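Please open the structure in your viewer and keep the selection tool at hand. The stops below say what to select next and what is there.

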Amino acid sequence: MKNPYDILIRPVITEKAVKQNEKENKLVFEVAKDANKIEIKKAVEQAFGVKVKSVRTLIVKPKKKRVGFGKAGYTKQWKKAIVTVQSEEPINIAELV
């Protein structure tokens, strides 16, 4: 098995992700593009010691962005995983990292 920190690149901490964590016990991560749901589940369980209920993944498409004067560029494409954990109380992602 790969190192869990090679699969989990970074946690995504946004307003929406924090609300999902508080209400529905969901954690959001940027993950490696070649990682599948089973690898993500095992990586989260091993890295943070929590029981995972489900994993949803999606590819965040690049968005158009201006670079310099009149030139268009794009943001990077990345893979996001929304992980639902089995816990009674919300998990503080800042403490886990």
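A residue is called buried here when its relative accessible area is under 20%. Gln 20 has a relative accessible area of 17%, and it therefore counts as buried under that cut-off. Please keep in mind throughout that this is a predicted model.

**The whole chain**

Begin with the entire protein chain, which holds 4 helices and 6 strands, and follow it from the N terminus, where the elements run in the order α-β-α-β-α-β-β-β-β-α. Along its principal axes the C-alpha trace spans about 50 × 30 × 20 Å. Of the 97 residues in the chain, 35% are buried. If you consider the contacts with a separation of 6 or more, 59% of them are accounted for by residues 24 or more positions apart.

**Gln 20**

Next, select Gln 20, which is found in helix α2, residues 15–24. Which residues does Gln 20 touch, not counting those up to four places away in sequence? They are Asn 25, Lys 26, Val 28 and Ile 82.

**The largest nonpolar core**

Now select Leu 8, Phe 29, Ile 40, Val 44 and Val 83, which are the residues that touch the most other members of the largest nonpolar core, a set of 19 residues. The elements that give two or more residues to this core are β2 (26–31), α3 (37–48), β3 (52–60) and β6 (78–85), and the largest share, 4 residues, comes from α3. As a general background to this stop, nonpolar side chains in soluble globular proteins tend to be buried together.

Stay with Leu 8 for a moment and show its surroundings: leaving aside neighbours within four places in sequence, Leu 8 is in contact with Phe 29, Glu 30, Val 31, Ala 43, Val 44, Ala 47 and Phe 48. A second, separate core of 6 residues can be selected afterwards, and among its members are Val 12, Ala 17, Val 28 and Ile 82.

**Rings**

The count of aromatic pairs comes to 1. To see this pair, select Phe 29 and Phe 48, which are stacked at 5.7 Å centre to centre, with 15° between the planes. The pair links distant parts of the chain, since Phe 29 lies in strand β2 and Phe 48 in helix α3, 19 residues apart. Are these two rings buried or exposed? Phe 29 is buried, with a relative accessible area of 1%, and Phe 48 also counts as buried, at 14% relative accessibility.

For another ring, select Trp 78 together with Arg 10, which lies over the face of Trp 78 at 5.7 Å from the ring centre.

**The largest pocket**

Turn then to the largest pocket, where about 160 Å³ of space lies. Its lining is made up of 14 residues, of which Ala 17, Val 18, Asn 21, Ile 91 and Ile 93 lie nearest the centre. The elements that give two or more residues to this lining are α2 and β2, with the largest share, 4 residues, coming from α2.

**Ile 93**

Finish by selecting Ile 93, which has its place in helix α4, residues 93–96, and is buried, with a relative accessible area of 13%. Leaving aside neighbours within four places in sequence, Ile 93 is in contact with Pro 11, Ile 13, Asn 21, Leu 27 and Phe 29. If you label the C-alpha atoms of Ile 93 and Asn 21, you will find them separated by 8.7 Å, although these residues are 72 residues apart along the chain.

Terms used:
Residues numbered from 1 in each chain as written. Predicted model: local features only at pLDDT ≥ 70, side-chain atom pairs only at ≥ 80, totals over all residues. Heavy atoms only, no water. Core = buried A, V, L, I, M, F, W, Y, C linked by side-chain atoms within 4.5 Å. Buried < 20%, exposed > 50% of the residue type's maximum accessible area, 1.4 Å probe, protein only. Contact = heavy atoms within 4.5 Å. Phe/Tyr/Trp six-rings, centres within 6.5 Å; stacked < 30°, edge-to-face > 60°. Lys NZ or Arg CZ within 6 Å of the ring centre and 35° of its normal. 1 Å grid on protein atoms, 1.4 Å probe; cavity = no way out; pocket = protein on both sides within 12 Å on 5 of 7 lines; lining within 4 Å. Points joined across faces, edges and corners; volume = space filled by probe spheres on them.
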